[in-house]
Amino acid sequence: MTVQLCDQCGRVPVVQDRSAYSVERGNLIVRHGFCTCRPAANAAPTPAPAARTENEPEMTGAIPQSVVMDALEGAGARHGR
């Protein structure tokens, strides 16, 4: 299964289906973060994102990390906890 990145921001779109959180999607989320764009039907012009410093964490959305980690564990991913 290929994970499509957002055409606007290049991040991983949030999906509601827990089974869609594969190891591949998890790796892309870690590298690129979650898409925070509005759905196309409700899209309004969005201001350019503020510049971040290299050490500042990226705000990636509202899905708690525990939900993502549980989904990845269910897909067979292992991580050091």
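User: In this predicted model, where does Gly76 lie relative to α2?

Analyst: The model is predicted, not experimental. Helix α2 covers residues 65–74. Gly76 has a number beyond that range, and its place is the segment after α2.

User: Is Gly76 buried, partly exposed or exposed?

Analyst: Buried needs under 20% relative accessible area, and exposed needs over 50%. Gly76 has a relative accessible area of 43%. That value falls between the two cut-offs, so Gly76 is partly exposed.

User: How far apart in space are Gly76 and Ser22, C-alpha to C-alpha?

Analyst: In sequence, Gly76 and Ser22 are 54 residues apart. In space, the C-alpha to C-alpha distance between them is 8.3 Å.

User: How many helices and strands does the protein chain have?

Analyst: Helix α1 runs over 23–32 and helix α2 over 65–74. No strand is assigned. The count is two helices and zero strands.

User: What share of the residues counts as buried?

Analyst: The protein chain has 81 residues. Its accessible surface comes to about 6300 Å², with 52% belonging to carbon and sulfur atoms. The buried share of the residues is 23%.

User: Which helix gives the most to the largest nonpolar core?

Analyst: This core has ten residues: Val3, Val12, Tyr21, Leu28, Ile29, Phe34, Val68, Met69, Ala71 and Leu72. Both α1 and α2 supply at least two of them. With four residues, the top contributor is α2.

User: Which residues does Val12 touch, leaving out those up to four places away in sequence?

Analyst: Val12 belongs to the largest nonpolar core. Among its contacts are the core members Val3, Leu28, Ile29 and Phe34. The full list is Val3, Leu5, Arg25, Leu28, Ile29, Gly33, Phe34 and Cys35.

User: Which ring does the charged end of Arg25 sit over?

Analyst: Arg25 is also one of the residues that Val12 touches. The charged end of Arg25 is 5.6 Å from the centre of the ring in question. A charge over a ring must be within 6 Å of the centre. The ring belongs to Tyr21.

User: How far apart in space are Glu24 and Leu72, C-alpha to C-alpha?

Analyst: Glu24 lies in helix α1 and is partly exposed, with a relative accessible area of 35%. Leu72 is a member of the largest nonpolar core. The two are 48 residues apart in sequence, and their C-alpha to C-alpha distance is 9.4 Å.

User: Where is Cys37 found, and which residues does Cys37 touch, not counting those up to four places away in sequence?

Analyst: Cys37 is found in the loop between α1 and α2. Cys37 and Gln8 are 29 residues apart in sequence, yet 7.6 Å apart in space, C-alpha to C-alpha. By the same exclusion, the residues touched are Cys6, Gln8 and Cys9.

User: Why does Cys37 form no disulfide with Cys9?

Analyst: A disulfide is a covalent bond between the sulfur atoms of two cysteines. The cut-off is 2.5 Å between the sulfurs. Cys9 holds the closest cysteine sulfur to that of Cys37, but this is too far for a bond because the separation is 3.7 Å.

User: How many disulfides does a search of the whole structure find?

Analyst: Cys9 is partly exposed, with a relative accessible area of 32%. Its sulfur is 3.7 Å from the closest cysteine sulfur, in Cys6, so this pair is too far for a bond. Across the whole structure, the number of disulfides is zero.

Key: Residues are numbered from 1 along each chain as its sequence is written. This is a predicted model: local features need pLDDT of at least 70, side-chain atom pairs count only at pLDDT 80 or more; totals for chains, interfaces and linings use all residues. Side-chain values use heavy atoms; hydrogens and water are left out. Buried means under 20% relative accessible area, exposed over 50%, partly exposed in between (1.4 Å probe, protein chains only). Accessible areas come from the Shrake-Rupley method with a 1.4 Å probe; for residues, only the protein chains shown count as cover. A charge sits over a ring if NZ of Lys or CZ of Arg is within 6 Å of the ring centre and within 35 degrees of the ring normal. A nonpolar core is a set of buried Ala, Val, Leu, Ile, Met, Phe, Trp, Tyr and Cys residues joined through side-chain atoms within 4.5 Å. Contact means heavy atoms within 4.5 Å.
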